[in-house]
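Subject: Structure for you to look through

Hello,

Here is the structure I said I would pass on. Please open it beside this message and follow along as you read.

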Amino acid sequence: MAQTQSSHNGVLQQALDLPNEQKALLLEEILQQELGSSAENNRPFLEKLDEALTRLEARIQSRATAPEGAVFVQHSGSRQRPDPAPAMEWLRLHSREYGGEWVALDGGRLIAHGPDAMEVYAAAEADGAYLPMIDYIEPADALPFIF
Amino acid sequence: MPDLSFDVTHIYTSTDGIKIPLVISFGGKEVQTSGYADCGAEACIFSNEIGQMLGIDVEAGEPKSFGPASGGTFETYGHLVIIEFLGITLESIVFFAKYPGLRRNLLGRSGWLSKLRFGLVDYDSTVFLSRLT
């Protein structure tokens with residue numbers, strides 16, 4: 001991707017203008033990319049910054065915006081929380097098939113399902129996915145809920 | 001007109017309520033699940049099963065009975081947990097059901113709503129949130 005000096009400056013300014021918490025996310029995007037492939041080391045930094053900005057914008061649009069001053073909460077092992085959006089979308093699309101069951105989801109991947117919550121949870125732990133979504137799906141014919 | 005501003009905008013896709021993805025933590029264990037925003041619930045009430053997944057000795061908590069709309073009593077036990085949702089983190093007392101089978105986790109006033117500025121446009125499936133400092 002050939003870029004002029006002015007477009008470089010524009011990308012840099014766009015990154016600098018981000019709120020602090022989004023700057024942190026941007027750096028995280030870059031680092032994840034860097035750590036993911038050694039071939040990335042040969043590409044210009046600003047090119048990677050530009051791509052990371054694009055990914056960040058898509059991420060922000062596809063999920064809730066982070067509150068000012070909020071840090072994306074880090075797991076004790078310094079891992080970022082998984083994006084719940086794919087699991088929530090899976091639940092929206094597949095609820096009728098698994099009514100009355102607990103499900104464990106790794107993003108949009110079904111790890112386990114069944115009527116016994118602890119069995120489903122154990123299967124999810126055995127799978128090794130980081131922080132799977134564990135949720136109960138109400139039966140399709142359940143009466144409307146009121147507590 | 002009041003001038004309200006919010007830090008978080010969340011569009012929910014569930015059609016059966018205002019379902020919010022969350023991570024609940026206790027004693028180093030954490031579970032990702034969901035809860036329903038419920039302005040009519042006095043407190044946060046989670047299923048017994050989620051308590052078990054967190055390794056909580058549910059009945060060792062603060063006992064509290066609730067009166068559901070259908071009558072009778074609903075027995076729970078309160079525990080101090082951390083709830084993370086949409087980039088907001090709260091330390092709250094959550095009441096876990098004594099018995100398994102609660103269909104939904106409820107995010108009620110005490111422990112959740114009372115710690116937030118909360119806006120809702122259900123027509124647009126959108127909630128607006130800010131944490132009160």
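Of the 147 residues in chain A, 18% count as buried. This is a predicted model, so please read everything below as computed from it.

Chain A has five helices and three strands. Going along from the N terminus, the order of its elements is α-α-α-α-β-β-α-β. If you take the contacts in chain A with a separation of 6 or more, 46% of them are between residues 24 or more positions apart.

Next, the place where the two chains meet. On the chain B side, 33 residues are in contact with 27 residues of chain A. Several elements of chain B supply at least two residues each to the side that touches chain A: strand S1 (8-11), strand S2 (19-26), strand S3 (29-37), helix H1 (48-53), strand S7 (88-97) and strand S10 (126-131). S3(B) gives the most to this side, with five residues. Sorted by class, the side of chain B that touches chain A consists of twelve nonpolar, 13 polar and eight charged residues.

Two of the strands just named, S1 and S10 of chain B, also belong to a sheet. Three strands of chain B make up this open sheet, in the order S1-S10-S9, and their pairing is antiparallel. S1 and strand S9 (116-121) of chain B are the edge strands, each pairing on one side only. From one strand to the next, the twist averages 20°. The pairing of S1(B) with S10(B) is antiparallel and runs over four bridges. For a single pair to find on screen, take His10(B), whose bridge partner in S10(B) is Val127(B).

Last, one residue to look at in detail. Ile83(B) is in strand S6 (residues 74-85) of chain B. Is Ile83(B) buried or exposed? A residue is buried if 20 or more other C-beta atoms lie within 10 Å of its own. Ile83(B) has 23 C-beta neighbours inside 10 Å, and therefore counts as buried.

Which residues is Ile83(B) in contact with, leaving aside its neighbours within four places in sequence? They are Leu22(B), Ile24(B), Leu90(B) and Ser92(B). You can also find Trp112(B), which is 29 residues from Ile83(B) along the chain; the C-alpha atoms of these two residues are separated by 8.9 Å.

Regards

How values were computed:
Residues are numbered from 1 along each chain as its sequence is written. Chains are lettered from A and ligands numbered from 1 in the order in which they are written. This is a predicted model: local features need pLDDT of at least 70, side-chain atom pairs count only at pLDDT 80 or more; totals for chains, interfaces and linings use all residues. Two residues are in contact if their C-beta atoms, placed from the backbone, lie within 7 Å. Ala, Val, Leu, Ile, Met, Phe, Trp, Tyr, Cys and Pro count as nonpolar, Asp, Glu, Lys and Arg as charged, and the others, Gly among them, as polar. A residue is buried if 20 or more other C-beta atoms lie within 10 Å of its own, exposed if 12 or fewer, and partly exposed in between; C-beta atoms are placed from the backbone. Two strands pair if DSSP finds at least two bridges between them. Axes are lines fitted to C-alpha atoms, for helices over the stretch in contact, and angles run from 0 to 180 degrees between N-to-C directions.
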